[in-house]
Amino acid sequence: MRELVEEVLVVKEETIERAVVALLEIEKTVAEGAGAAALAALLEYPERFAGKRVGLPITGGNIDSRVLASVLMRGLVRDARLVRLRITMPMSPAASPRSPR
(Lines give C-alpha, C1' and ligand atoms only; values in the text may rest on other atoms or scores of the structure.)
Protein backbone atom coordinates (compact mmCIF):
# COMPACT_ATOMS: atom_id res chain seq x y z
CA MET A 1 0.00 0.00 0.00
CA ARG A 2 2.86 2.39 0.79
CA GLU A 3 4.02 2.21 -2.82
CA LEU A 4 0.61 3.06 -4.27
CA VAL A 5 -1.13 5.30 -1.73
CA GLU A 6 0.07 8.82 -1.18
CA GLU A 7 -2.24 9.79 1.69
CA VAL A 8 -5.09 8.39 3.79
CA LEU A 9 -7.72 10.74 5.21
CA VAL A 10 -9.74 9.82 8.28
CA VAL A 11 -13.30 11.17 8.50
CA LYS A 12 -15.82 11.35 11.32
CA GLU A 13 -18.78 9.00 11.37
CA GLU A 14 -21.16 11.98 11.33
CA THR A 15 -19.56 13.17 8.09
CA ILE A 16 -20.04 9.73 6.56
CA GLU A 17 -23.73 9.94 7.52
CA ARG A 18 -23.94 13.40 5.91
CA ALA A 19 -22.40 11.94 2.75
CA VAL A 20 -24.91 9.06 2.65
CA VAL A 21 -27.80 11.53 3.08
CA ALA A 22 -26.40 13.92 0.43
CA LEU A 23 -25.98 11.12 -2.09
CA LEU A 24 -29.52 9.94 -1.54
CA GLU A 25 -31.19 13.36 -1.52
CA ILE A 26 -29.19 15.11 -4.24
CA GLU A 27 -27.96 12.34 -6.53
CA LYS A 28 -30.76 9.81 -5.81
CA THR A 29 -28.00 7.24 -5.21
CA VAL A 30 -28.01 4.75 -2.34
CA ALA A 31 -24.59 4.04 -0.84
CA GLU A 32 -23.50 2.43 2.39
CA GLY A 33 -21.06 4.22 4.68
CA ALA A 34 -17.89 2.80 3.15
CA GLY A 35 -19.19 3.62 -0.31
CA ALA A 36 -19.81 7.25 0.68
CA ALA A 37 -16.43 7.68 2.42
CA ALA A 38 -14.86 9.51 -0.53
CA LEU A 39 -17.62 12.14 -0.48
CA ALA A 40 -17.25 12.34 3.31
CA ALA A 41 -13.56 13.17 2.85
CA LEU A 42 -14.50 15.91 0.39
CA LEU A 43 -17.06 17.32 2.85
CA GLU A 44 -14.67 17.19 5.82
CA TYR A 45 -11.57 18.54 4.05
CA PRO A 46 -12.89 20.94 1.38
CA GLU A 47 -9.72 23.04 1.42
CA ARG A 48 -7.64 20.05 0.25
CA PHE A 49 -9.76 19.71 -2.89
CA ALA A 50 -10.54 23.36 -3.65
CA GLY A 51 -9.92 24.27 -7.30
CA LYS A 52 -9.24 20.66 -8.31
CA ARG A 53 -11.18 18.25 -10.46
CA VAL A 54 -12.07 15.32 -8.22
CA GLY A 55 -13.52 11.93 -9.10
CA LEU A 56 -15.34 10.06 -6.34
CA PRO A 57 -15.87 6.30 -6.43
CA ILE A 58 -19.29 5.56 -4.94
CA THR A 59 -19.94 1.92 -4.13
CA GLY A 60 -21.98 -0.39 -1.96
CA GLY A 61 -25.73 0.15 -2.23
CA ASN A 62 -26.29 -2.80 0.10
CA ILE A 63 -27.18 -0.72 3.17
CA ASP A 64 -29.73 -2.16 5.60
CA SER A 65 -33.06 -0.34 5.30
CA ARG A 66 -33.27 0.21 9.08
CA VAL A 67 -29.77 1.68 9.16
CA LEU A 68 -30.61 3.92 6.20
CA ALA A 69 -33.84 5.09 7.88
CA SER A 70 -31.90 5.91 11.04
CA VAL A 71 -29.21 7.82 9.11
CA LEU A 72 -31.88 9.79 7.22
CA MET A 73 -33.72 10.63 10.43
CA ARG A 74 -30.54 11.89 12.10
CA GLY A 75 -29.82 13.95 8.97
CA LEU A 76 -33.25 15.59 9.17
CA VAL A 77 -32.73 16.40 12.84
CA ARG A 78 -29.18 17.70 12.21
CA ASP A 79 -30.47 20.01 9.45
CA ALA A 80 -33.42 21.14 11.60
CA ARG A 81 -35.88 19.81 9.01
CA LEU A 82 -37.73 17.60 11.48
CA VAL A 83 -39.94 19.18 14.09
CA ARG A 84 -41.81 17.53 16.92
CA LEU A 85 -44.94 19.23 18.23
CA ARG A 86 -46.58 18.29 21.50
CA ILE A 87 -50.04 19.69 22.10
CA THR A 88 -51.85 19.12 25.38
CA MET A 89 -55.59 19.75 25.48
CA PRO A 90 -58.04 19.19 28.30
CA MET A 91 -60.55 16.40 27.72
CA SER A 92 -63.85 18.12 28.39
CA PRO A 93 -66.92 18.91 26.27
CA ALA A 94 -66.33 22.63 26.82
CA ALA A 95 -62.93 22.34 25.14
CA SER A 96 -64.40 20.80 21.99
CA PRO A 97 -64.80 23.25 19.06
CA ARG A 98 -68.04 21.47 18.07
CA SER A 99 -69.79 21.84 21.40
CA PRO A 100 -72.61 24.42 21.59
CA ARG A 101 -71.86 27.44 23.72
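Me: Which residues line the largest pocket, and what makes a residue a lining residue?

Reply: They are L4, V5, E6, E7, V8, L9, R48, F49 and K52. On a 1 Å grid over the protein atoms alone, a pocket is an open set of points with protein on both sides within 12 Å along at least five of seven lines, and a lining residue has an atom within 4 Å of a point. The model is predicted: local features need pLDDT of at least 70 and side-chain atom pairs 80 or more, while totals for chains, interfaces and linings use all residues. Residues are numbered from 1 along each chain as its sequence is written, and side-chain values use heavy atoms, without hydrogens and water.

Me: What makes one residue in the lining of the second largest pocket polar?

Reply: That lining is L9, V11, A37, A38, A41, F49, V54, G55, L56 and P57. Ala, Val, Leu, Ile, Met, Phe, Trp, Tyr, Cys and Pro count as nonpolar, Asp, Glu, Lys and Arg as charged, and the others, Gly among them, as polar. The result is nine nonpolar, one polar and no charged, whereas the largest pocket has five nonpolar, no polar and four charged.

Me: Why are α1 and α4 called roughly perpendicular?

Reply: The axes (lines fitted to C-alpha atoms, over the stretch in contact, with angles from 0 to 180 degrees between N-to-C directions) of α1 (residues 13-27) and α4 (residues 65-78) cross at roughly 95°. Angles of 65 to 115 degrees count as roughly perpendicular, so α1 and α4 are described that way.

Methods: On a 1 Å grid over the protein atoms alone, a cavity is a set of points where a 1.4 Å probe fits but cannot get out, and a pocket is an open set with protein on both sides within 12 Å along at least five of seven lines; lining residues have an atom within 4 Å of a point. Helices (H or I, at least four residues) and strands (E, at least two) are DSSP runs, numbered from the N terminus. Angles under 35 degrees count as roughly parallel, over 145 as roughly antiparallel, 65 to 115 as roughly perpendicular and the rest as oblique.
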